[in-house]
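Open the model in your viewer and keep the selection tool ready. We will go from stop to stop, picking residues and looking at what surrounds them.

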Amino acid sequence: MASRVVIPQQARGEAVENKVHKKNPVAHDGKNRRALGDIGNMVPAARGGVEGKPNRPMTRSFHAQLIANAEAARAAEKNKKQMVVPDAGRRIEALKANNNNKIVNVKPKPIEVIDLSSDTEEVKKKPEKPLNNMKKEVEVGGGASLRKKAPTLTSVLTARSKIVDIDAADVDNELAAVEYIEDMYKFYKLVENENRPHDYIDSQPEINEQMRAILVDWLVEVHTKFELSPETFYLTINIIDRFLAVKTISRRELQLVGISAMLTASKYEEIWAPEVNDFVCLSDRAYTHEQILRMEKIILGKLEWTLTVPTPYVFLVRFIKASFPGDKQLEHMVYFLAELGMMHYATIMYCPSMIAASAVYAARCTLNVGPVWNDTLKLHTGFAETQLIDCAKHLSNLHSMAEKAKLRGIYRKYMSSERGSVALLTPAKALLPSL
């Protein structure tokens, strides 16, 4: 039977050291990192170890001792770097004496402790404000401070230029979109010419200006009968003109184009759009249900389904608000002149924003509103008075001829008392051509 070799008992620390050396024989060369030392298994004497035992194992009691020593060292270092501000009560008394009791019911502030451990230089760069320069506030009741508000730069410039803030009353109205309204109309002005129809009558062999006027006059009556919104009417005319500018049609199809255009505009603008059968009945069954839907598809295909366009109505709403909000007679007169312009083909040469601005200008001249053009209107319309004269004269001339014209759909519409009977008013003499 073989005898067992007896190994002399070694110290516990030495056994651990020898075991580590066997597993990592290159640890003594100083080139490799001692990973065990990083996670605390091997604690050197410089990091809080016990003298004479540099490789002491990390027991629970030894670990707790190291943590306690580290916390004690941090607390001692922190106490050296703290500075206590003098009692705030003395400062308050001095402040009261210097300001002759101008501060009432001042509550003492708690003692402030400033930690200078990491931001010492920044604290020195920002010295405390002198007590004499502190704001003088008087606490009334629940602590509300009474301070006189200085006028802002915007209010000063508005007062000097006499420009009225037309959106001030709609600040609390979320639907008014006051924060974005100016940017929206800047965008409308930029893109209004992209979807604007060009002169197309000469390219239509079977259609002339008079036939277009007859169609629009009939659509005005259909629009009134269905009680549709103004947006639908202006979008209908826009769709018709844009389609005729890219597609040649026969005389018999012109009314079909008008019906399909109003059906499309109603679907886009109205909550309850008229049905196809309603248009079939209104056309005295000149067109079938299938023909209307087929023409609608053709129109949308030619227009590439582009229906979100700035029509004159988009600008009319804004310009009327800038002109004289709340004046219903002026509002009806503006719409009357604008619809007269939409019915006549010659108005197509003007952009939508100019038609809207000229309608406002001609309406103010008709109703003798002074001044005819001001800084507020010039700012929001983007047009000077001299730029609108030609278009305004054209609209006023249409007004003067409306009573005796054969097509009186718009004239009868604005003869009613519901719309202020503005069609019966005398046109602006200053805008009419001299005899």
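Which residues does Ala 362 touch, not counting residues up to four places away in sequence? Select Ala 362 and you will find Leu 337, Ala 392, Ser 396, Ala 428 and Leu 431, where contact means heavy atoms within 4.5 Å. Ala 362 sits in helix α15 (residues 352–366); helices (H or I, at least four residues) and strands (E, at least two) are DSSP runs, numbered from the N terminus. Ala 362 is buried, with a relative accessible area of 0%; buried means under 20% relative accessible area, exposed over 50%, and partly exposed in between (1.4 Å probe, protein chains only). Now add Ile 389: its C-alpha is 8.7 Å from that of Ala 362, with the two positions 27 residues apart in sequence numbering.

Before moving on, a word on what you are viewing. This is a predicted model, in which local features need pLDDT of at least 70 and side-chain atom pairs count only at pLDDT 80 or more, while totals for chains, interfaces and linings use all residues. Residues are numbered from 1 along each chain as its sequence is written, and side-chain values use heavy atoms, with hydrogens and water left out.

**The whole chain**

Zoom out and colour by secondary structure: the chain has 18 helices and four strands. Of its 435 residues, 35% are buried. Take the contacts between residues at least 6 apart in sequence, and 72% of them join residues at least 24 apart.

**Helix α8**

Next, select α8 (209–226). Its end C-alpha atoms are 26 Å apart, which agrees with the 26 Å that its 18 residues should span at 1.5 Å a residue (the expected span is 1.5 Å times one less than the number of residues). Show side chains, and look for the buried ones, including Met 211, Leu 215, Leu 219 and His 223. Among the elements covering the buried residues of α8 are α9 (230–244), α10 (254–269) and α14 (328–343). At the N-terminal end, Asn 208 caps the helix, with a side-chain oxygen 3.3 Å from the backbone nitrogen of Gln 210. Following α8 comes Glu 227, whose phi is positive, near 55 degrees.

**Salt bridges**

How many salt bridges does a search of the whole structure find? There are nine, each a side-chain nitrogen of Lys or Arg within 4 Å of a carboxyl oxygen of Asp or Glu.

Stay at α8 and pick Arg 212 with Asp 241: their closest N and O atoms are 3.0 Å apart. This pair links distant parts of the chain, with Asp 241 in helix α9 and Arg 212 in helix α8, 29 residues apart. Asp 241 is buried at 5% relative accessible area, and Arg 212 is buried at 4%.

Then go to α14 for Glu 331 and Lys 328, a salt bridge with closest N and O atoms 3.5 Å apart. The two are three residues apart in the helix, so about one helical turn separates them. Glu 331 is partly exposed at 21%, whereas Lys 328 is exposed at 52%.

**Last stop: Glu 192**

Finally, select Glu 192, in the loop between α7 (181–191) and α8. Glu 192 is buried yet has no salt bridge, and the nearest side chain of opposite charge, Lys 189, is 4.4 Å away. Add Ser 353 to see a polar contact between the two side chains, at 2.8 Å.

Conventions:
Lys and Arg count as positive and Asp and Glu as negative; His and the chain ends are not counted. A polar contact is a pair of N or O atoms within 3.5 Å; within protein, one must be able to donate a hydrogen and the other to accept it, and residues adjacent in sequence count only if both atoms are side-chain atoms.
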